[in-house]
Amino acid sequence: MNTSDVYEYVEQRNLIDDKFKSNVSQLYKKNARWIFPFYDFFARVVFFWLKPKNSKKYFFLGNRFTHLITALPKEDVCIIGGPRQLLFCLKNNISYIPNGSFWKILSLGFDGAVGNELTALSTKMSKMLASLVNQSENAIIVVENDSLPLQRIFCNIAADTGIKSVCIQHGLFQSKTDAKTIDGWKCNYFICYDNNQLDVITGLGFSAEKIIIGGFYEPINKVGNEQKNNPLRVCFLGQPWYRYGDAYKQKYLSILEDVSAQFSRNEIEYYFKPHPWETDASYLKEINNVFHGNMAEAILSHDVFLSLTSTALLEVTMAGKVGIQIYDELFACDNFETLGYAYTIKSEDIESSVIKSIKNSPFTLEMPDFNNLVVQIKKLVKVNV
């Protein structure tokens with residue numbers, strides 16, 4: 001069982017962003033605290049009816065892709081995860097395998113070697129999964145990334161078991177991004193949004209043979225923008241750039257100030273929706289009209305959305321609302337308008353362009369719908385693939 005590359009991505013990414021390893025370490029240690037001693041044994045015994053009994057075709061590490069999970073035949077699905085995934089499986093009567101022990105061991109690996117313990121636990125999981133796979137059929141394990149330690153070790157377990165690993169894109173990739181920092185290098189298949197993302201990914205060095213065009217990872221309801229509020233309700237979608245160093249933080253806050261000044265001067269109702277990783281930022285205390293709802297609620301409540309590199313702008317456009325990217329070279333991003341995802345204005349043109357841009361009609365977008373993703377996933381378990 002290979003465990004040598006489990007922390008490899010974290011270490012490489014930390015060379016570029018020296019806060020990355022500490023942030024991931026904190027996340028793992030926080031999650032590990034939720035796992036009480038003997039959780040895995042407790043979950044198997046108490047919730048015995050969720051233990052998978054028949055062979056499975058679709059294994060999901062976590063339940064990030066809930067819409068995809070529920071779109072597949074329930075009897076063919078098994079979810080691997082912790083307490084949150086257990087609750088989801090209880091609600092939906094889906095087979096469940098606890099992996100709390102992995103969080104415990106992997107959280108310790110940031111501070112010292114855990115090779116023997118991790119190997120033993122991984123071998124045990126590999127044998128369990130092997131018993132659930134029909135050798136005459138194909139099976140896949142779906143992960144949201146193939147970079148972080150938990151996902152990495154399960155990609156290795158899948159390889160050891162004869163299961164193909166599938167990573168589904170959950171954020172826009174940029175052609176200017178360091179190729180080492182993106183997902184997709186470890187898995188057998190990578191499912192991306194569209195042809196534009198395919199071009200970006202292959203341009204970063206990926207083999208086109210492992211990439212599948214699937215569309216967005218969940219269905220987005222088209223709510224349209226026919227009945228705009230008067231005055232327009234505008235929402236800035238925040239991003240946690242303050243975590244990436246002072247230069248990013250200062251430029252980000254400068255852009256926020258410039259945008260806010262223009263809206264205030266023109267008496268336009270303006271809200272700020274912080275990113276989930278941004279909710280503890282000190283500068284939020286100085287921002288008026290902070291919106292605390294989720295993304296679906298934000299789309300229903302606002303007419304126009306602005307951000308820098310957020311994938312949420314793609315969701316906005318898919319929903320039929322106006323999305324505007326504020327482009328700045330510091331953030332090493334692509335021009336979303338060129339890619340066909342949203343309108344784009346440059347950060348130095350905020351004063352002259354932002355008020356005109358919010359009056360635009362919704363951007364036209366062409367992308368495979370969610371049903372295409374379901375079809376592509378089902379194809380991967382067919383024997384002739």
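Which residue in β4 does Phe59 stand opposite? In this predicted model, the partner of Phe59 is Ile141 in β4. That pairing is a good place to begin a short tour of strand β1 and its neighbours.

Strand β1 covers residues 58-61, and its side chains alternate in direction: Tyr58 and Phe60 point one way, while Phe59 and Leu61 point the other way. Despite facing opposite ways, all four of these residues are buried. On the β4 side, 3 bridges join β1 to the strand formed by residues 140-143, and the two run parallel. Strand β2, made of residues 77-81, is also parallel to β1 and is joined to it by 4 bridges. Here Phe60 is the residue to look for, as it stands opposite Ile79 in β2. The connection from β1 to β2 can be followed too: together with helix α4, residues 66-71, the two strands make a right-handed β-α-β unit.

A second region worth a visit is the second largest pocket, which holds about 370 Å³ of space. The pocket is lined by 14 residues, of which Leu256, Ser260, Glu286, Ile287 and Asn288 are the closest to its centre. Helix α10, residues 246-265, and strand β9, residues 269-273, each supply at least two residues of this lining. The most is given by α10, which contributes 6 residues. In chemical character, the lining of this pocket divides into 8 nonpolar, 4 polar and 2 charged residues.

Definitions and conventions
Residues are numbered from 1 along each chain as its sequence is written. This is a predicted model: local features need pLDDT of at least 70, side-chain atom pairs count only at pLDDT 80 or more; totals for chains, interfaces and linings use all residues. Side-chain values use heavy atoms; hydrogens and water are left out. Buried means under 20% relative accessible area, exposed over 50%, partly exposed in between (1.4 Å probe, protein chains only). Two strands pair if DSSP finds at least two bridges between them. A crossover is right-handed if, with the strands pointing away from the viewer, the path from the first strand over the helix to the second runs clockwise. On a 1 Å grid over the protein atoms alone, a cavity is a set of points where a 1.4 Å probe fits but cannot get out, and a pocket is an open set with protein on both sides within 12 Å along at least five of seven lines; lining residues have an atom within 4 Å of a point. Grid points are joined across faces, edges and corners, and a volume is the space filled by probe spheres set on the points. Ala, Val, Leu, Ile, Met, Phe, Trp, Tyr, Cys and Pro count as nonpolar, Asp, Glu, Lys and Arg as charged, and the others, Gly among them, as polar.
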